[in-house]
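Me: Please take a close look at the second largest cavity of this structure and tell me what forms its lining. I would also like to know how the largest pocket is lined.

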Amino acid sequence: MRAHHEGSVEPVTYLASAARRAAQRAILAPSIFNTQPWQFVISDQMLDIYADFKRQLRVLDPQARQLHISCGCAILNARIALEAMGYTATREWLPDSRHPAHLARIRIEPEPPAQPTLAALDELIALRASNYRGFIDGEVPAYVVRELAAAAETEHAVLIPLVAPALRRMTAAICEQAAELQNNDPAYRAETRYWTTTELDRSDGILESAASRFWRGSGNDTRPQGYRCNPHTQWAQPTRSTAEQCLLVLGTVSDEPLCWLHAGEALERVLLVATGHQIAAEIQSPVIEMPHIRPQLRKALGLSIHPHVILRVGRGTSAPPSRRRRPGQMIHDRR
């Protein structure tokens with residue numbers, strides 16, 4: 001909660017400080033391949049969020065769907081931070097039709113929200129980390145899955161658990177098929193190699209040593225069960241034994257940039273709620289971006305929604321947080 005200092009400093013100063021902290025929490029959000037494709041602008045009582053299309057994955061994410069979802073995750077973190085400080089955050093989506101990079105504007109009101117629902121998630125933002133390691137056998141409790149589905153619904157999205165073994169096997173098989181097609185594409189392999197790094201001082205991308213499923217043929221194959229290594233990308237892909245894991249499909253009723261942002265907010269809320277239950281999650285989204293795989297997945301699973309993310313969740317080993325670029329590279333004060 002924010003401190004109250006009557007008459008000593010102009011209220012706008014507090015609001016700008018709140019916007020800065022919100023942006024600092026926002027940049028801890030997950031993003032596809034840890035590209036961090038966002039920019040934040042502070043101006044008195046507002047925080048504006050922009051897409052950084054220079055960081056779009058042109059091969060893997062040609063429509064910028066995953067970029068929008070990543071930015072939606074960041075927007076939710078900003079809302080959480082503001083509510084935790086005792087402010088009301090009112091967001092406006094796509095405020096300038098002439099500038100598609102301008103994704104959202106958050107107005108900060110100096111009174112507490114009428115129905116605070118997000119503040120409790122603030123302490124989980126720094127604890128959340130994508131899991132690239134093996135999961136422990138065993139189902140996720142049904143009540144947790146229900147909570148995750150409710151969290152997604154709150155943010156205008158739908159989270160569908162794949163309970164039937166046949167649906168899980170079908171999904172895993174489609175993922176494997178998509179992985180084969182992707183790994184046969186030299187452009188995809190090059191993009192994957194660029195964003196999978198061994199550089200210890202690099203502030204974006206996925207560090208190989210952070211994930212036991214990255215295997216370089218050293219003889220110490222520590223890949224989790226259910227994964228195999230592709231010799232071209234050195235990136236392990238899911239096999240059909242992934243069907244033994246708890247799989248969730250996140251989607252929205254429409255398929256447009258606004259819905260992608262909703263999906264991002266829903267995804268981050270789901271991940272934070274899972275973190276609170278000590279449930280690990282791995283985001284499997286690249287297969288969704290293949291134009292003929294997405295409708296195939298919808299048809300195979302009988303979905304009425306448009307799928308944007310497949311989540312594999314379960315009890316897992318701890319994973320280090322992804323590295324972040326300097327705040328000054330992403331947060332700008334325009335006052």
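Reply: Helix H7 makes the largest contribution to the lining of the second largest cavity, giving three residues, and in this predicted model H7 covers residues 293–301. Helix H4, which runs over 165–183, likewise supplies at least two residues of that lining. The residues that line the second largest cavity are Ile 174, Cys 175, Val 287, Ile 288, Ile 293, Arg 294 and Leu 297. Sorted by class, six of the lining residues are nonpolar, none is polar and one is charged; the charged one is Arg 294, because Arg counts as charged, whereas Ile, Cys, Val and Leu count as nonpolar. The volume of this second largest cavity is about 30 Å³, and a search of the whole structure, taking cavities of 30 Å³ or more, finds two.

Turning to the largest pocket, the space within this pocket comes to about 320 Å³, and its lining is made up of 17 residues, among which Leu 127, Ala 129, Thr 275, Ile 279 and Ala 280 are nearest the centre. Helix H6 (257–276) and strand S11 (280–284) are the elements that give two or more residues to the lining of the largest pocket, and S11 provides the largest share, with four residues. By class, the lining of the largest pocket holds eight nonpolar, seven polar and two charged residues, whereas the lining of the second largest cavity has no polar residues.

Conventions: Residues numbered from 1 in each chain as written. Predicted model: local features only at pLDDT ≥ 70, side-chain atom pairs only at ≥ 80, totals over all residues. Heavy atoms only, no water. 1 Å grid on protein atoms, 1.4 Å probe; cavity = no way out; pocket = protein on both sides within 12 Å on 5 of 7 lines; lining within 4 Å. Points joined across faces, edges and corners; volume = space filled by probe spheres on them.
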